[in-house]
Amino acid sequence: MEFEQAWLDYSRKCSCEGTDGIEAVFVGIADDRQDILIKNSVAELQRAFVGLFGRELAVHTGAPVGDGICLALREGMQAEAYHIYEDGGKISIEASDSRGILYGVFALLRHMQTENSLRGLNLTKAPVMPMRMLDHWDNMDGSIERGYSGKSFFFEDNEILVNDRTVTYARLAASVGINAVVINNVNVKDAATWLITERYTDKVRALSEVFAGYGIKMYLCLNYAAPMELGELASADPLAEEVRGWWKKQMAFVFREVPNLGGFLIKADSEGRPGPFTYGRTHADGANMLAEAVAPYGGKIIWRCFVYNCQQDWRDEKTDRARSGYDNFIGLDGTFLDNVILQIKNGPMDFQVREPVHPLFGGLTKTNQMLEVQIAQEYTGQQRHVCYLIPMFREILAFHTYVAKECDTVEDIVCGRTFGQKNCGMAAVANTGNDENWTGHDMAAANWYGFGRLAFEPELSAEEIAREWIRLTFGREEQVEETLLYILMTSWRAYENYNAPLGIGWMVNPNEHYGPSVDGYEYSRWGTYHRADHLGIGVDRSGAGTGYALLYREPNASIYNDKERCPDKLLLFFHHMPYTWKLKSGKTVIQHIYDTHFEGVEMVDEMVERFRKLQGKLPKKPYQRMLERFLHQKEHAREWRDQINTYFYRKSGIADERGRKIY
Ligand code: GCU
């Protein structure tokens, strides 16, 4: 499959004052410290200069003679940080390590393409989150779980692919500061179980070496039952000596064969995956067993908290899927080894367009934590609708947990500011595939780009990130920039408007999770009920209901627990409310449903109308690809509007105040 270069496409000529005199790169780094990252940094500069300025850069080792770009290692800077400055036409990039140099090079190239001048440039940046990870849900047969942009480019027919595309992928990821990548699906089955055996280690190593050249640690997902499936042991009990011994031996083998391995991601006791519960053990028992086995090699165990009982009877109003992550892990706080990191989804359910922040953030105080988000848009339009998620991620990061007097936001926690942790950060379920443009919808690339940039520099606004991405991808034409910016910044709100109302979520077709189906999950066993009847809708998660609201620290618990104080946008997540309830906005619940659904469609219409004016201003191919998806979104948003509005009109019998057409 052909592939494009996304935001690293240097084929568009660029003008930036101060670049004219640059003819050479001076590598002021001793030979023995010129590792592959330094070489790749130099190669990136050369490649970019040919494309952007039509000029070959000479490469000299040693002190600069004349203008150019000087790369130098310098003691005393934070790991992975860089300092770029211009001085009389000479550009310096300094860092304490070669990753910092690489990030500095990408930052310089970004600056050249997005700003007008290099004069006076003086930029020091250190990544704020220690771990900035992409989780690919790729299966070894080439399919991708919740993949909406083609097939896997890591796997095909149970083999591992290492080719030009892999290199471009690593460059794209590194250019936004990604430093860890999980290549296989959390649901580890069949061939993927064998990734840690000699059947695959040659190719795993080869792939990990491509990553290493761009500062990326490779991670694999493990099958918790591997000792039984591979080792023919009778159990996978984490406290059984033979099981512990098996893992130790296997880990010694894997890390010897694949030195660039960062560690493993594990989904256990969830949605049918095996785990320690089978043996009456805790998740700490399971995670610590693996952590011990990888510790000698500096490995990390990333353990997911997405653990719930997916068999909930609708009559049972006390069981609450939203509680389960918290209930399963809070009692284990402080019992995990230091190389274990709990990976916690942003909300307690599953990547809905609106959820409260997961109460484990702020609940846990003695455990390494990582925030997991999903850019694959499983529930937010599957990369056919545009839905720029960076504004959502920023809201999540800014959430005050009240776990400490200061430094208590989710961002503080996952950056290590709250508890002084180093093993923390953010992971995103990736949205790439082997489509020519990598992400299906061209605009979905803004989520990939944006995720990396946000994890590196969470102080950037969603708008700043969007502008960067637009300029790098489509150049600096004003109408293009303003239009695409408008679309990106409107998209999440628009999607939320025509989706399930007021935080309730889940009104999708079961399994595929695409398109409206108000009762799709209402009559299944997955515990994702909305409990709508002719009088009202919502789940009572107050103290009188499932008690979920009380899992938060004060004042959050009291606010969520109280229907008068609970924010509108989450009201139906926390409370069962009559349709006639007056929201803080002054509207009734039912009128809010109607209004937002009409508005959502109007917002999409406006986006598409503005987009059409870019015909001739955007390159033909991406314009056509995007237009096709926008036309689908327009239609599909109507389907959402009509299904939801009609459903609630028929349930409630209350007409729209404004008399609009509701079927
Ligand atoms: C969602 C998704 C699954 C995925 C799971 C997970 O439920 O639909 O496909 O495996 O999340 O995060 O593990």
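Helix axes here are lines fitted to C-alpha atoms over the stretch in contact, with angles taken between N-to-C directions. The model in every view is a predicted one.

**View 1. Helices H6 and H7 pack against each other.** Take H6 (residues 241–257) and H7 (residues 283–294): their axes sit 8 Å apart and meet at an angle of about 40°. Angles from 35 to 65 degrees fall outside the roughly parallel and roughly perpendicular classes, and that makes H6 oblique to H7. As for handedness, the two cross in the right-handed sense. On the H6 side, the contact is made by Val243, Arg244, Trp247, Lys248, Met251 and Phe255. H7 answers with Met289, Leu290, Glu292, Ala293 and Val294. Sort the residues of this contact by type and you get eight nonpolar, three charged and no polar.

**View 2. Eight strands close into a barrel.** Going round, the order is E7-E10-E11-E12-E13-E14-E15-E16, with parallel pairing. On average, neighbouring strands in this sheet are turned by 25° against each other, ignoring direction.

**View 3. Strand E7 meets strand E10.** Zooming in on one pair from the barrel, E7 (residues 131–135) and E10 (residues 180–182) run parallel and are joined by three bridges. Look for Met133, which stands opposite Ala180 of E10.

**View 4. Helix H18 and the glycine just after it.** H18 covers residues 620–652, 33 residues in total. At 1.5 Å a residue it should span 48 Å, and its end C-alpha atoms are indeed 48 Å apart, so the two agree. Just past the helix comes Gly653, with a positive phi of about 70°.

Key
Residues numbered from 1 in each chain as written. Predicted model: local features only at pLDDT ≥ 70, side-chain atom pairs only at ≥ 80, totals over all residues. Heavy atoms only, no water. Pairing = 2+ DSSP bridges. Helix = DSSP H or I, 4+ residues; strand = E, 2+ residues; numbered from the N terminus. Axes fitted to C-alpha atoms, helices over the stretch in contact; angles between N-to-C directions. Parallel < 35°, antiparallel > 145°, perpendicular 65-115°, else oblique. Left-handed = near helix turned anticlockwise from the far one by under 90°. Contact = heavy atoms within 4.5 Å. Nonpolar A, V, L, I, M, F, W, Y, C, P; charged D, E, K, R; others polar. Expected span 1.5 Å × (residues − 1).
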